[in-house]
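Could you walk me through this model in my viewer, one selection at a time? Please tell me what to pick next and what is there.

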Amino acid sequence: MKQAEDGRQGNLYQALLEYSGQGVYPFHMPGHKRRTEDPFLRDFPNPFSIDITEIHGFDNLHHAEGILRESMDRMAAVYGADRSYYLVNGSSSGVLSAVSAVSDNSGTILMARNCHKSAYHGVFLNRMRTAYTYPQIHGEFGVQCGLVPSEIEKLLNQNVDISAVFVVSPTYDGIVSDIKKIANLCHERKIPLVADEAHGAHFPFGSQFPASALEAGADVVIQSLHKTLPSLTQTAVLHVKEGLVDVDRLEHYLQIYQSSSPSYVFMAAMERCVSYMNGEGRRRMDSFYQRILALRRELEGMRCLRLLDASAKGTYGIYDLDLSKIVISTRKARITGEELDRRLREEAGLEMEMCTADSVTAITSLMDTEEGLNRLKEALLEADRRLEKRVPAERPAEPLPPIPAARPVMTIYEAWNRPKKPVPLEQSAGHISGEYVYLYPPGIPILAPGEEILPQAAETMIRYKESGLALQGLKDYRAETIQVLR
Ligand SMILES: Cc1ncc(COP(=O)(O)O)c(C=O)c1O
């Protein structure tokens with residue numbers, strides 16, 4: 001998910017081969033961690049040997065009634081879903097299909113503001129109106145936390161035309177919201193809850209991990225197998241509990257948003273991954289969990305850097321926490337998240353998944369080795385020791401302002417199609433945004449097209465920019481001007 005900052009050049013294939021021999025340890029997705037010596041990955045055939053198309057006897061993903069139907073039905077049984085679908089275009093294709101299926105082309109969707117961009121794209125394509133619920137922000141860590149059911153209830157009571165609710169749980173940082181309560185609120189009103197569980201595909205296979213959204217009552221759940229499980233990048237699944245979602249409509253959109261040549265290599269990798277996780281993988285999840293607990297115990301001793309731990313449960317809307325995400329706050333240390341991320345890469349050969357101004361996030365999975373986790377532990381403890389000795393030459397940075405609540409005045413679709421003009425950020429207050437402005441990472445929009453630019457939003461963009469954070473989505477890459485409606 002990171003930006004290319006080291007500017008590798010030349011032949012991609014060569015660059016990948018060289019990189020794989022450099023001994024950099026991945027604390028990022030994909031969840032298989034390139035462990036080609038592990039029997040589970042080692043025994044996967046050469047992809048070319050099983051790469052076919054829809055030949056006789058091998059069914060058709062877009063009209064599955066044979067071997068693929070059976071395979072997906074077995075998967076549904078593992079997950080306790082009424083129906084499950086392979087997604088060969090990542091969770092993005094599942095999110096687009098789910099949003100389209102629950103849109104009635106006139107109503108409003110209630111979305112968590114920290115939704116992935118694919119949810120915004122779904123809203124755009126379906127010309128939907130939006131209402132937003134905001135994740136709580138952790139006061140010390142600065143990370144996005146849980147969604148508050150009572151706020152969702154308030155919004156549902158205020159907007160009678162809400163036709164579905166869309167939430168992200170867990171977040172990138174492993175924060176799980178109270179899906180059961182949110183599902184009940186939806187079901188009392190006979191509307192579906194869609195849960196983007198892209199980062200929680202491992203939940204159903206480890207009893208020590210949070211309950212999955214499907215178990216907690218969501219109607220549609222999307223999971224990226226590739227993010228936290230040993231499967232190939234781009235592989236994801238969508239599960240449905242029938243009742244409130246029109247399954248024919250959903251299947252129609254799955255066809256629209258997915259390739260007409262779905263990879264049999266991907267589908268075989270998904271089938272094999274789910275079947276493995278339902279057997280040997282479950283046992284491995286137990287020992288993985290114990291290794292994560294041991295790592296966490298060591299990291300709890302850090303004095304400058306801080307680990308987001310289970311004590312956060314019950315605060316900032318955090319209903320539960322996925323302990324496999326190692327989230328380190330730099331807010332109380334004399335270092336930024338970006339600097340710690342750079343040091344881990346350059347000095348310890350560890351590549352993290354994500355960093356913000358105040359934190360660094362490592363993704364771990366059952367494929368992580370003891371050696372890899374030890375390297376992470378040693379590098380963080382060493383960084384912490386060095387920070388302790390740092391002369392307090394400068395004060396830790398003031399926390400940045402949170403992203404202000406949006407005020408949509410028209411749909412994203414309508415705004416996108418209107419004539420626009422650039423104005424300097426400093427003069428943007430009072431205009432209507434004609435484009436997205438994301439804070440990246442973590443990719444949460446400060447503005448979406450069709451939203452009034454409130455003075456706080458203009459100020460926040462300027463403060464973020466001055467602090468060196470990446471404002472993205474703007475046509476003007478230097479982030480000096482923003483496109484507004486004429
Ligand atoms: C919360 C969330 N949902 C959906 C996606 C899209 O997933 P994929 O990359 O599998 O398309 C991402 C990607 O990072 C994500 O973070």
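## A tour by selection

Start by selecting Pro30, which sits in the loop that connects strand E1 (25-27) with helix H2 (39-42). Bear in mind that this is a predicted model. Look at the bond just before the proline: Met29 and Pro30 are joined by a cis peptide bond, with omega at about 0°. Move along to Lys33, placed in the loop between E1 and H2. Lys33 is not a glycine, yet its phi is positive, at about 55°. Both features are worth a look because most residues other than glycine have a negative phi, and most peptide bonds are trans.

Next, select Ser169 and Pro170, where you will find a cis peptide bond with omega of about 0°. Pro170 belongs to the loop between strand E5 (162-168) and strand E6 (175-176).

**The domains**

Now colour the chain by domain: domain 1 covers 23-32 + 284-389, domain 2 covers 47-277, and domain 3 covers 412-485. How far apart are the centres of domain 2 and domain 3? Taken over C-alpha atoms, they are separated by 29 Å. Where these two domains touch, nine residues of domain 2 are in contact with seven residues of domain 3. On the domain 2 side of that contact, four residues are nonpolar, two are polar and three are charged.

**Around the ligand**

Show the ligand together with its shell of 14 residues; Gly90, Ser91, Ser92, His116 and Ala198 come nearest. Which helix supplies the largest share of this shell? Helix H4 (residues 90-102) does, with four residues. Coloured by class, the shell shows six nonpolar, seven polar and one charged residues.

Keep H4 on screen and add helix H5 (residues 117-125): the two pack at an angle of about 35°, and their axes are 8 Å apart. Their crossing is right-handed. To see the contact in detail, select Ser92, Val95, Leu96, Val99 and Ser100 of H4, then Ser118, Ala119, His121, Gly122, Val123 and Leu125 of H5. This contact of H4 with H5 holds six nonpolar and five polar residues, and no charged ones.

**A sheet of four strands**

Turn to the open sheet with the order E10-E12-E15-E14, whose four strands pair in antiparallel fashion. Its edges are strand E10 (306-307) and strand E14 (354-355), each of which pairs on one side only. Zoom in on E10 and strand E12 (residues 325-329), which run antiparallel and are joined by two bridges. Here Leu307 stands opposite Ile328 in E12.

**A sheet of three strands**

For the last stop, select E17, E18 and E19. These strands form an open sheet in the order E18-E17-E19, with antiparallel pairing. At the edges are strand E18 (444-447) and strand E19 (470-472), each pairing on one side only. On average, neighbouring strands in this sheet are turned by 40° against each other, direction ignored.

How many bridges join strand E17 (residues 437-440) to E18? There are three, and the two strands run antiparallel. Label Tyr438 and you will find it opposite Pro445 in E18. Finally, bring in helix H16 (residues 455-466), which lies across E17, E18 and E19 and runs at about 125° to E18.

Conventions: Residues numbered from 1 in each chain as written. Predicted model: local features only at pLDDT ≥ 70, side-chain atom pairs only at ≥ 80, totals over all residues. Near = placed C-beta within 6 Å. Nonpolar A, V, L, I, M, F, W, Y, C, P; charged D, E, K, R; others polar. Domains from an automatic or database assignment. Pairing = 2+ DSSP bridges. Axes fitted to C-alpha atoms, helices over the stretch in contact; angles between N-to-C directions. Left-handed = near helix turned anticlockwise from the far one by under 90°.
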